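Let us walk through this structure by way of its charged side chains, asking where they pair, where they stand alone and where they gather on the surface.

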Amino acid sequence: MEESKQIPVDQLGQKLLEKKGMSWNKKYRKQYGPIRKYLQNHSQIFRLSPDDNKVSLKEMYHQLQFGSDCQGQVLQSPSQNSDVQWTSESLCTVLKDSASGSHWFDLNDTKVQPIKEKDIEKQFQGKESAYMLFYRKSQLKRPSEAQANPRYRVPGHLLNEMDAANIELRKRRMDSDSADNNIDLRLHLGSQYKLYNGALHPSLSWKESVLDLTIDKRKTLGDLRQSIFQLLEFWEGDMILSTAKSLPAGLHLYQTLDGDEMTLGDIGLADGADVFVWNGKEVGGMEVLPGLDHEPVLLNVLRLAGYNEGGKGQHFIESQHVVPCSAELSTLWKALASPGGIILMNSSGSDKEVENWKVVPEEDMKKTVRIVGLTDGSSILVLDSHDQSLVNVASGNLTAFMHDISWLQVKNFCRLEAEEKQVKITATVETVMSDIKIKAIQELQLGEELVDDSCLRPINRNGKLLCPVPEDYTVKEAELKMGSLLGLCHGKAPTSTQLFLYFVVGSDLQGAPEMEIVVEETASVRECLNLMLEKSGLPGDNWHLRRIDWCYEAGEALSEEGARLKELNVCSGDTLVITEGKLPPKGFLKVPIWWYKPLIHFEQQESMQNQVNCMMGALRVSPAGASVCCAASALAHCSCQTAWWRGWLRPGGGAASSCCFERHDSPAYVQSDIRLCYAGDVEISGEAFLEDLKIQAMTLPFFQELSVPSPEFLRAWTLESKRPGKLLRNNQQQLNEYKLGGRTEICIEPLQKEENLGPSDLLLRVQMGIPGERDYYHSVDLVWDISKECTAWALRHRLAAHYSLPVEKIEIAKYFPEKFEWMTISSWTQQISKRKRKKKQESLQSAPFHLKDGDIIGVKNLLLEEGKDFSTVRDDIGKETQRQLAMEKKKSRQAQRLQNDVLSEGKVATKHRKPEVALSINVGIFR
């Protein structure tokens, strides 16, 4: 079927619209579907082109002759509404006028290309053809001088352009040809390599040992050799070229290149090939065996880690060995395994799977590495004679997972007079401790009688023997890690229903020796205490037990003496403290009571400096267990004036006590602005009120010398680090609600008038600076209501109202007595943006001030003095004394460290425990 009888499908709908005045989609699509689908469904009438883009009528239905007979229809561009019309007859006449041998050219703007006559009609169709122009040469025949001369009458500038284009085309063809045939070779120079571990390795860096060479693969091997001679001017003697390959073990040589007349492509050299340049005999004085039979294989060799070998949690020591693939396994076994040892081979898969490991049988020892299937990266396991319990020789399989295999060290403590020995025992995580003990006794060559009268005890890094491990425990249940050191000691191990406990007598836990005892976990606290008292030889029953806290100090008391140890979560290895004194009954508290009174500053500067010197001298640490006389007795020696208590002295009498003291468990430093006197202990129910506690404190002999009208004239604080801590403010609140622990101490402060603080009241000690002096007047108690806000601005207004001063004429600061420092409290606010409101001030109860009850606030009157320095002479002396103490402590630590280095020469130095320090956590107050 001729193409001229076909019409594009997309134009068929348009011609239908011109013929009928209505489109296919509007009139027929709903009934017959899309026009292309309709044509496909009526293939007996219509013939579609292979790409379904053109359609024509079959011969029996062909009534419209288009194009070929040059009659009939008027052809007009459907997209052009012009008056120019072409008939098919006139168009055919134009086409047939062309002479024989002439050609048509399509000039489409800047693009010129030849076109067939039958395609010209198509150029006249479609939306893109608005009009068409036809050109004809004025003379159809060319002159004789133009024959076979394509440059005839072509302008010179066009010839120049064509020549330049041809040159560029030839250059591009050459570049393409070069890119298709050039190969990059890596030349390895034999003089820069050395042979070890069965493979070649560069003597220097890889960059200095390898040269890159680009060459056409159509050249011959002789050309390659000549290029290398030109590149290596220093080369002397014969030059042998061999193909090489980089393997995990190193560089290996294979085929020697021969035949200088053969091309590189025929030899088989590809892009990126490695070529080794050498003399063909030796490298670095050592003979090199090239070829596939001498290919080196890199194997991973695993051994059980020995004592002090491997990292944390590492069961095996892994090393790499290189062997020729033609080497026999017997040679490998002689090189790696000890006499009596065996080798296991990982045939495939993960090293962690038991089924992947097989024992190499005796008949395979004469096979080569390649024949048995060992390749680069394959693993072999070497077991010594005492490790073969992990292998079932009959089946040739491991009896445990690779990473379940472990080993333990056992040290002999049964014969102290003999030299202590250590043996290595191989085990798995499922090995029972009794089996390990029997193996250790056999390896240590001890008597069999120790089997029933010995136990295994772990040894920590400091050499301390820990609690024995039950013999029915496995290694996994005992939580023993690989390489753990155990001690073989006399005595039976506790059973699974028994507890092994340490205990210490007294409060000096650092110096007191630890003793050991085994008790039933169903024993009561009283029964356990009696056993400990019997073993330590302590008389009487005025004792109780306490736990050890994380600071290695006596902590929570085991108050329920009838409770079982198991119920109290007492575990093997715990340390208990036998403390003197009986515990109060259940639900009662035994509270130490201290008398608290702030020191009054001396009026004379000289007396004040003497007072500070005396106080700072009392800051030094006294020997443990000794009672230290504190501020009152110190002041008696350093000042001619004695402290007096306002309103709380009996007529004609002195102070209630001339000396205040600390107990042996007091902290190392005492603050210089307070005095504490121990008054005694009070036993009181936890359900009692704070008022009841004050009333009982008033009955102590110490308080009977004072005239206290009622509990409202007393203020109660918790004692924290020998300073008042939390203020107990509500007299009608139960003690249990304050969450007072078993070690809480209470200090009582006398008042001149009754006090009943609310939950939103903050108690501050305010002192005004003395103008012209670095000192302050006596401090006064100020109650500040912070229910609305607790900001610097509100505090300034409260203090200004208290002293009847303008707000802008005062400066305030908080005192940190432990550092002898003052921190100025400013009411400055930050302006974030002109459109936004000022940033809300932070609460003084948060960082950095952490304002709380009892804090000291200094006030400066700017009307009388301009200076804003809040520090005093005592602060300067205190800082200097702290600096000197820090320097002395640093020198002492350096001397102790030097002494330890000398004493521990040749030995393992034990890690000394650092002194514990108080931990202070500031938490926001919500009340």
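Glu 471 is a suitable place to begin, since this residue counts as partly exposed, with a relative accessible area of 29%. In this predicted model, Glu 471 forms a salt bridge with Lys 437, and the closest N and O atoms of the two are 2.3 Å apart. The pair links distant parts of the chain, for Glu 471 sits in the loop between E26 and strand E27 (485-490), whereas Lys 437 belongs to helix H12, 34 residues apart. The two partners can also be set side by side in their exposure: Lys 437 has a relative accessibility of 2% and therefore counts as buried, while Glu 471, at 29%, is partly exposed.

It helps to place this pair within the whole. The protein chain has 927 residues, of which 39% count as buried, and its secondary structure comes to 19 helices and 44 strands. Among contacts between residues at least 6 apart in sequence, 66% join residues at least 24 apart. The accessible surface comes to about 55400 Å², and carbon and sulfur atoms account for 50% of that area.

Side chains of opposite charge can pair when their charged atoms come close. The structure holds 27 salt bridges. One of them joins the side chains of Arg 218 and Asp 177, with a distance of 2.7 Å from N to O. Arg 218 lies in the loop between strand E11 (210-216) and helix H9 (221-231), and Asp 177 lies in helix H7 (residues 156-181), so this salt bridge ties together parts that are 41 residues apart in sequence. Both ends are partly exposed, Arg 218 with a relative accessible area of 44% and Asp 177 at 33% relative accessibility.

Another salt bridge is formed by Asp 853 and Arg 729, whose closest N and O atoms are 2.4 Å apart. Here the pair links parts of the chain that are 124 residues apart, with Asp 853 in the loop between strand E43 (821-825) and strand E44 (855-861) and Arg 729 in the loop between strand E38 (723-728) and strand E39 (746-750). Asp 853 and Arg 729 are buried. Salt bridges that share partners also join Arg 715, Glu 749, Glu 755, Arg 765 and Asp 781 into one network.

Which buried charge has no salt bridge? Lys 694, in helix H16 (residues 690-698), is buried yet without such a partner, and the nearest side chain of opposite charge, that of Glu 755, is 6.6 Å away. Leaving aside residues up to four places away in sequence, Lys 694 touches Pro 711, Leu 714, Arg 715, Ala 716 and Asn 731.

We turn now to the surface. Glu 448, Glu 449, Asp 452 and Asp 453 form a negative patch there. Asp 452 is placed in the loop between helix H12 (433-443) and strand E26 (454-458), and at 60% relative accessibility this residue counts as exposed, because the cut-off for that class is over 50%.

A surface patch of another kind is nonpolar, and is formed by Phe 105, Leu 107 and Val 112, which together have about 320 Å² of accessible area. Of these residues, Val 112 is found in strand E7 (residues 111-115) and is exposed, with a relative accessible area of 52%.

How values were computed
Residues numbered from 1 in each chain as written. Predicted model: local features only at pLDDT ≥ 70, side-chain atom pairs only at ≥ 80, totals over all residues. Heavy atoms only, no water. Patch = residues over 30% accessible without salt bridge, like charges linked within 9 Å, V, L, I, M, F, W, Y side chains within 5 Å. Areas by Shrake-Rupley, 256 points an atom, 1.4 Å probe, with all protein chains shown as cover. Salt bridge = Lys/Arg side-chain N within 4 Å of Asp/Glu carboxyl O. Lys, Arg positive; Asp, Glu negative; His and termini not counted. Charge placed at Lys NZ, Arg CZ, Asp CG, Glu CD. Helix = DSSP H or I, 4+ residues; strand = E, 2+ residues; numbered from the N terminus. Buried < 20%, exposed > 50% of the residue type's maximum accessible area, 1.4 Å probe, protein only. Contact = heavy atoms within 4.5 Å.
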